[in-house]
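Visitor: Could you take me through one part of this model up close? I'd like to hear about the backbone oddities and whatever helps put them in context.

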Amino acid sequence: MIPIRQILCRRNRLRFLVSYRCVSSREATGGKSRQKTMIDQEDIYAKGGKCTQQTHSEGFPRKQVVLVGDSLTEIGFRDERGWGLELTKRYLRRCDVINRGLYGWNTRWLKMAMEKNVAFLPPQMHFGTLLMGSNDAVLRDMNPGQHVPMDEFEQNLLYIAAEMLRRAEKGIVLIAPPPCNPDAWAEFVNTRKPEFNGKSDRTNELLETYGAIVKQVKQTLQKRFPEKFVRLFDAYELLKEEDLREKSLLYDGVHFGQKAQILFFDKLWEILQSENLTLESVDDGFGHESYAVKIPGREIDAANQLPLTEPTFLEVMETKEKCL
């Protein structure tokens, strides 16, 4: 008698070999072979009261949105109400939101990374956001490693934004850096960088000046890429009238607290809405238009295009059977 475990192992190995040969044959023929395995499935779903069929034999299409920046972008995916996470929620099953935020980076390092690593950005994207300048604008005498002179900052930003626009289907949102609270930042970094002697390496005057350079870059890009949209989002203007001593705005004097994350996202979403980039009718590639599975009798949250309650497996199967 052969043990049941041994039989199952042999069966699994056989399945793996069959699957591997199917994939290999598709790769060998440049993906032209239409194998009836795994990918070539029939997606049947209810749409507007009518039953439609859609077959995806070459894989699932998926739009991509790329958020490029420094820690203000990276932390936007880390905090509970971070603006990157909020954008991801809004685009559930409509597109992939990619985080290219790099804590502590300036435009010099980002440009070098893009020159040496072609995979830093996807070959194509629907649109992107670019938020840089907070680290470039530090005081040169106190922090020469991060500081980038204004003329170099402008050229770096032009290069980065132009590379994004060449790959973007629609365009980019160019974001000027927000203000800071120098006193809170000095207190925060005092134990981490004693060489600062309790002082801040950041000033709002410099941040505003670097923000003006971002505006100049925006004008240059509009002339160079007239077929794409280039929108300016002035984060300095957004927050300058707020009480930056509040931890809910800048928890360490530089990085967004929850209140600032919400204000930032709301303004960004307003810009995206004006460019018709809410992607409400985008096919998710899995046979359903938008995230909401169209189950009869299920209420849909129209504002966020999300089902108020998830459909059960049986409900999905019953809807599928009605379409047959």
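Guide: Let's go straight to R93, which is partly exposed, at a relative accessible area of 26%. Keep in mind that we're looking at a predicted model. R93 sits in the loop that runs between α3 (83-90) and β4 (95-101). Its backbone is the odd bit: phi of R93 is near 65°, a positive value in a residue other than glycine. Why flag that? Most residues other than glycine have a negative phi.

R93 has company in this respect. N197 isn't a glycine either, yet its phi is positive, at about 55°. You'll find N197 in a loop too, the one between α6 (182-189) and α7 (204-224). N197 counts as exposed, because its relative accessible area of 63% is over the 50% cut-off.

Back around that R93 loop, β4 covers 95-101, and C95 is buried, with a relative accessible area of 6%. Another cysteine, C180, is buried as well, at 3%. If you're wondering about disulfides, the structure holds zero.

The flanking elements also bring in T73. This threonine belongs to helix α2, residues 71-74, and it is buried, because a relative accessible area of 0% falls under the 20% cut-off. Setting aside residues up to four places away in sequence, T73 touches L67, V68, W83, N99, G101 and L131. Match those partners to the ranges: α3 is 83-90 and β4 is 95-101, so W83 falls in that helix and N99 and G101 in that strand.

Definitions and conventions
Residues numbered from 1 in each chain as written. Predicted model: local features only at pLDDT ≥ 70, side-chain atom pairs only at ≥ 80, totals over all residues. Heavy atoms only, no water. Helix = DSSP H or I, 4+ residues; strand = E, 2+ residues; numbered from the N terminus. Buried < 20%, exposed > 50% of the residue type's maximum accessible area, 1.4 Å probe, protein only. Contact = heavy atoms within 4.5 Å. Disulfide = S-S within 2.5 Å.
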